[in-house]
Amino acid sequence: MINTDINPLPPTLSIALAGNPNAGKSTLFNALTGARQHVGNWPGKTIEKKTGELHHDGRRLAITDLPGAYSLSAYTLEEVVARDFLLRERPDVVVAVADASNLERNLYLIVQLLELGLPTVVVLNMMDAAERQGLSIALDELSRALAAPVLPAVARREEGLDDVIATVCRVAADNAESFRLDYGPAIEAEIARLELLIAAHPTGREIGSPRWLAVRLLEGDSDAAQRLSGPAAEELHRAAAMGRARLAADLGDETDLLIADRRYTWIHDLAGRVINEDRPEAVSRSDRIDRIVTNRWLGIPIFLVAMWFVFKITTDLSAPWVDWLDGVLTGPISRWVVSILGLLGLSEGWFASLLVDGVLGGVGSVLAFIPVLLSLYFALAVLEDSGYMARGAFVMDRLMNRIGLHGRSFLPLMVGFGCSVPAIYATRTLSNRRDRVLTGLLVPFMSCSARLPVYVLFAAIFFPGAASLVILGLYLLGIAVAIVVGLLLQRTLLPATAAPGLVMELPPYRLPNARSIRYHMWLRTRAFLEHAASLILLTTLVIWLLTAIPWGGSGTFAQTPMAESVFGRVSTAAAPVLRPLGFGSWQSGGALLSGLVAKEVVVSTLGQIYGVESAADETGDTTFLGDLAEIVTSFGRAVADTLRALPGLIGINLQREEAEDTAGLAGAIRAGFDESSGGHATAAGLAFMVFVLLYTPCMAAIAAERHELGAGWSWFSLIGQLIIAWLMAFVVFRAGVWLGGI
């Protein structure tokens with residue numbers, strides 16, 4: 001780090017990162033904070049909140065990554081969150097991140113940030129991209145014009161970060177410069193009048209820079225006006241209204257348009273002075289690629305191919321590690337726990353059952369699917385970091401318009417592939433209630449990541465040679481059902497209004513950054529682990545308790561057959577409803593009931609149900625060293641199987657054909673489905689996956705729908721999803737029996 005002589009500073013500095021979308025702000029945040037970051041939501045908002053920290057010269061820098069915004073006009077939820085934080089928290093330093101290759105467009109937000117009067121450092125990110133385009137920027141002249149330090153950086157390669165940190169500390173200690181944009185004599189006169197009134201107004205002084213507030217009042221900013229309170233506020237409102245009227249009469253236009261025009265004119269003149277273009281290029285590389293990728297006819301097929309690769313990576317490359325983790329958890333680790341309990345004299349009774357069957361059999365079955373989630377988040381991070389994810393939204397815009405939705409509705413639906421809960425909350429960004437309700441009702445049909453472990457398990461059992469194709473088909477089926485439901489609702493309960501076209505920025509294509517991908521994978525998977533450590537553990541313990549309590553029969557607590565437990569009796573009562581679908585057993589009913597809490601629990605419940613008699617008994621005659629050798633050798637096999645699976649991404653199959661192992665969970669599930677379906681286990685397995693795809697994601701999603709859409713629509717969603725899931729599973733099972741004989 002660069003050492004600088006700076007004045008005494010508080011031990012903790014508050015730093016806010018602000019910038020346009022796709023300016024590399026989050027990349028800079030990741031580079032600065034590393035793994036020392038936390039991801040949550042802004043209070044009362046659905047926008048993701050990222051906070052992190054770093055230490056420099058004995059000081060702690062608390063960094064907040066503000067949502068990407070094009071201005072501070074508070075027209076969108078992202079702009080509201082960013083401006084509220086800056087005005088209320090008053091960070092010690094604002095780091096304004098700009099895309100150096102699109103400097104003029106980024107300067108509008110920078111000007112608004114500087115007008116807030118907060119100490120500001122401007123970071124021109126992606127300088128390498130600007131240089132490749134033949135652009136050179138006069139940094140010193142730009143710094144003088146903005147009255148703020150301007151630093152070059154390439155956050156993806158961690159270039160220039162030391163200078164950024166040192167300059168932030170210097171500016172926090174001594175920020176003598178002050179930015180002032182001249183709006184012309186007439187507007188400046190009105191600003192001066194309002195500044196005098198604001199200086200005498202207690203609330204006005206607390207909000208921020210008097211000049212910034214005066215400009216916002218002249219622009220007619222209702223949010224800024226609402227921040228004023230007390231009797232003197234009325235005088236300010238009257239003075240601002242009179243000022244707007246005088247300016248409109250003198251200059252012949254609305255004041256907000258005059259101020260915005262003056263900003264754009266000043267920015268355009270500044271950009272012309274500081275940017276030198278050595279090699280002007282009529283069509284960029286990204287534009288040439290987009291001619292193919294976003295083509296009217298090729299766009300959707302290319303999107304489907306990209307999704308195919310995502311699911312091949314998610315299933316084929318992760319499968320060896322799923323098997324390895326599952327084998328370690330249910331094999332050596334379970335045997336070690338049983339052995340330790342035996343040494344303590346606790347190998348018999350409810351406590352041993354709780355540890356082995358409840359904790360290891362439940363949570364362990366879920367943790368074995370961490371490789372699946374890592375693979376999924378890796379693939380999605382590559383698409384996002386390369387710039388293709390935004391093209392996917394653009395390509396799908398036409399389809400969204402056909403069901404009467406704004407193209408921006410595609411973004412919450414895309415979030416739904418990760419988790420339904422934030423996706424439902426993300427509908428707040430849509431402009432009208434009808435779009436929010438319709439999008440919120442369609443989100444649960446997008447297959448969330450929690451369902452993926454169920455697909456992987458059942459596809460491996462019933463379709464071992466075509467698991468990727470089956471899983472991709474399930475995702476596409478969810479999309480197709482959402483389209484049909486959207487069309488029906490559009491023509492009945494939620495008639496469509498004119499849907500405007502989607503306006504969004506397409507970032508330039510870039511090579512994915514390994515550090516960014518690693519952070520994305522870790523943060524998302526860590527969120528899953530935190531969830532597994534709380535909700536799933538609690539749920540599996542509750543399920544274990546229900547299986548331990550006898551209901552009829554001759555069993556005692558923790559020593560009763562599961563079919564004669566409370567859980568088994570309740571599941572048995574639900575089984576007849578599922579019988580026409582081919583999986584009308586109490587085991588399947590119990591797994592689906594537990595899935596209402598969280599879809600991850602479906603797998604763990606099946607692990608508890610089918611593994612209840614074997615988890616504690618498979619101690620065998622193995623030794624500790626023998627178990628260690630088993631772990632090491634199985635790890636080597638997983639590495640080899642992963643390498644053999646790589647050519648499968650392009651259709652070359654080098655994987656070993658192995659006889660199906662009927663032992664363990666897979667064999668028990670196949671045997672159970674074969675019995676419940678009358679010999680049509682494969683059809684029943686596919687119907688089960690379809691039911692999991694379409695029925696209620698979880699109670700948390702229903703709670704989110706109730707909060708966002710209202711109680712009536714949440715009940716409509718819950719009942720409608722159950723009906724659709726039952727009907728589709730019935731059709732799939734009967735088609736499999738009648739047409740395929742499977």
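This short talk covers the cavities of one predicted model and one helix pair in it.

Cavities first. The structure has four of 30 Å³ or more. I'll stay with the largest. Its space comes to about 50 Å³.

What lines the largest cavity? Going along the sequence, you meet I15 and L17, then L28 and L32, then L61 and I63. V95 follows, and the list ends with V164, I165 and V168.

Now by element. Two strands and two helices each give at least two residues to that lining: β1 at 12-19, β4 at 59-65, α1 at 25-33 and α6 at 161-173. Which of them gives the most? That is α6, with three residues.

And the chemistry? The lining of the largest cavity counts 10 nonpolar residues. Polar: none. Charged: none.

On to the helix pair. Take α7, residues 185-199, and α9, residues 210-218. Their axes come within 8 Å. The crossing angle is roughly 120°. Angles from 65 to 115 degrees would count as roughly perpendicular, and over 145 as roughly antiparallel. So α7 and α9 are oblique to each other. The handedness of this crossing is right-handed.

Who makes the contact? From α7, it is I187, E188, E190, I191, L194, E195 and I198. From α9, it is P210, R211, L213, A214, V215, L217 and L218. By class, this contact of α7 with α9 has 10 nonpolar and four charged residues. No polar residue takes part.

To recap. The lining of the largest cavity has no charged residues. The contact of α7 with α9 has four.

Note on methods: Residues are numbered from 1 along each chain as its sequence is written. This is a predicted model: local features need pLDDT of at least 70, side-chain atom pairs count only at pLDDT 80 or more; totals for chains, interfaces and linings use all residues. Side-chain values use heavy atoms; hydrogens and water are left out. On a 1 Å grid over the protein atoms alone, a cavity is a set of points where a 1.4 Å probe fits but cannot get out, and a pocket is an open set with protein on both sides within 12 Å along at least five of seven lines; lining residues have an atom within 4 Å of a point. Grid points are joined across faces, edges and corners, and a volume is the space filled by probe spheres set on the points. Helices (H or I, at least four residues) and strands (E, at least two) are DSSP runs, numbered from the N terminus. Ala, Val, Leu, Ile, Met, Phe, Trp, Tyr, Cys and Pro count as nonpolar, Asp, Glu, Lys and Arg as charged, and the others, Gly among them, as polar. Axes are lines fitted to C-alpha atoms, for helices over the stretch in contact, and angles run from 0 to 180 degrees between N-to-C directions. Angles under 35 degrees count as roughly parallel, over 145 as roughly antiparallel, 65 to 115 as roughly perpendicular and the rest as oblique. A crossing is left-handed if the near helix is turned anticlockwise from the far one by less than a right angle, and right-handed if clockwise. Contact means heavy atoms within 4.5 Å.
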